[in-house]
Amino acid sequence: MFINFWYPAATSADLTDKPVKVRMLGQHVMLFRDSAGKAHCLSNVCTHRGGNLAGGKIHGDCIACPYHGWQFNGSGECVKIPSIGKDGKIPARTRIDAYPVEERYGLVFAFLGDAPEAERTPIMEIKEYGQPGWRSTIQHWEWAIDYKRSVENGIDSAHNEFVHPTHGFSGAREDYKLNEPEMWTDAWGTGMRNRRLAPPLKDEKMREASGRYDNAVVESSTGHHGCASVWTHIHPTPKTFIHQYLFECPMDAGRTSIYLINLRNFLDDPVHDGRMMERNEVVAFQDRDILTALEPTLTPHNMTRESFVIHDKTIARYRQWLDEWQSRGWRIDIEKVERDRQTVAYAIPSPARRLHKGWVLDAVPLLPAAAKAAAE
Ligand code: FES
Ligand SMILES: [Fe+2]
């Protein structure tokens, strides 16, 4: 898993007047809203004696640790140590890592890393979000899978025919053959366009709305943005579009939090949200059941331990991207983190680590930049 990307931490609706604890990149972080309603994200480990900050209380613009009441503001600065009294001097070293936060698409994103603002990979964009004629829904799942397995599944055009009976014909047609995907690379990922023969939509209302009652060639395009976000645009007819955006975050090496933002340009009355979400969940669980049973659990780094054919070229390209981000020094040495679990509390390094020295918690160990060794 990698530092220096934006990851989804929670939905905006999840963040009320109580702190929230979230597992991200093998560590705990905590989220809270200050008195102005602004969301903040901090490393969850109190720099005094390792208290669980998310178990504390919000005081105005600060979170108070439940153990001895030290208070930290949204920038991670300790602003109050009750036991030393009003005039006591607060050591600078008490600072906690605080991560940039953005709320977008109904989600709270945290930038987990120390890259300065100008160098940050942007959050995956949803151009049609909030535009007239589009209706969106959010769904969330936590699955016992490696997030890379999920991303690779998202950009794998050959699995639909077999994993999703409603997307194809389960390989039963004599004339089944997938065309070679048209693939491209942009600044932060890889995309592809595909056409496949598909049966009509399963849901009656959706079928009526699309006006398609027969098999037809469906155009879809998909791609990954950064290491853990995937977009898919499905056009069941030239006028009816389903656009899906998966924002994923590895919680631990074999556990992933997945947010799906689904947009549709038909049946835009909210009354149809339930049927759309139900269909999405059926399809998502078909993927989950395949992914949780893959061996090995973690995506192999070495491509010689799997067979690649032409439709896997997007997956091969994704793995090259992972190598590229590792070469920048962004890959967490998760094996070391796991080995140290009982004795060391790490923090994901925040941008402030480039400005201040003297931190109580060690930053998570990273694989050396430009080293391409197997990692996760
Ligand atoms: S452990 Fe947090 S205040 Fe002591
Ligand atoms: Fe799928």
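Before we look around, one term: a residue counts as exposed here if 12 or fewer other C-beta atoms lie within 10 Å of its own, and as buried if there are 20 or more. Keep in mind, too, that this is a predicted model.

Let's start with helix 5, residues 313-327. Its 15 residues reach 21 Å from the first C-alpha to the last, close to the 21 Å expected at 1.5 Å a residue. Along this helix, Thr 314, Ile 315, Tyr 318, Leu 322 and Gln 326 are buried. They cover an arc of only 135° around the axis, so they sit on the same side of helix 5. An α-helix has 3.6 residues a turn, so residues three or four places apart point the same way. Go round to the other side of helix 5 and you meet Gln 320 and Glu 324, which are exposed. And what do the buried residues pack against? Their neighbours are helix 1 (147-154) along with strands 13 (182-185), 14 (189-198) and 15 (216-225). Just past the end of helix 5, Gly 329 has a positive phi of about 85°.

Now step back to the whole protein. The domain assignment gives domain 1 (5-119) and domain 2 (135-320), with their C-alpha centres 34 Å apart. Where they meet, eleven residues of domain 1 are in contact with twelve of domain 2. On the domain 1 side, strand 1 (5-11) gives the most, with four residues. That side is made up of seven nonpolar residues, three polar and one charged.

One last stop is a hairpin: strand 10 (residues 101-104) and strand 11 (residues 107-112) pair in the antiparallel sense over four bridges. Val 101 has Ala 110 as its bridge partner in strand 11. Two residues lie between the strands, and Tyr 105 in the turn has a positive phi of about 60°.

Notes
Residues are numbered from 1 along each chain as its sequence is written. Chains are lettered from A and ligands numbered from 1 in the order in which they are written. This is a predicted model: local features need pLDDT of at least 70, side-chain atom pairs count only at pLDDT 80 or more; totals for chains, interfaces and linings use all residues. Domain bounds come from an automatic or database domain assignment. Two residues are in contact if their C-beta atoms, placed from the backbone, lie within 7 Å. Ala, Val, Leu, Ile, Met, Phe, Trp, Tyr, Cys and Pro count as nonpolar, Asp, Glu, Lys and Arg as charged, and the others, Gly among them, as polar. Two strands pair if DSSP finds at least two bridges between them. The expected span of a helix is 1.5 Å times one less than its number of residues. The arc is that of the directions from the helix axis to the C-beta atoms.
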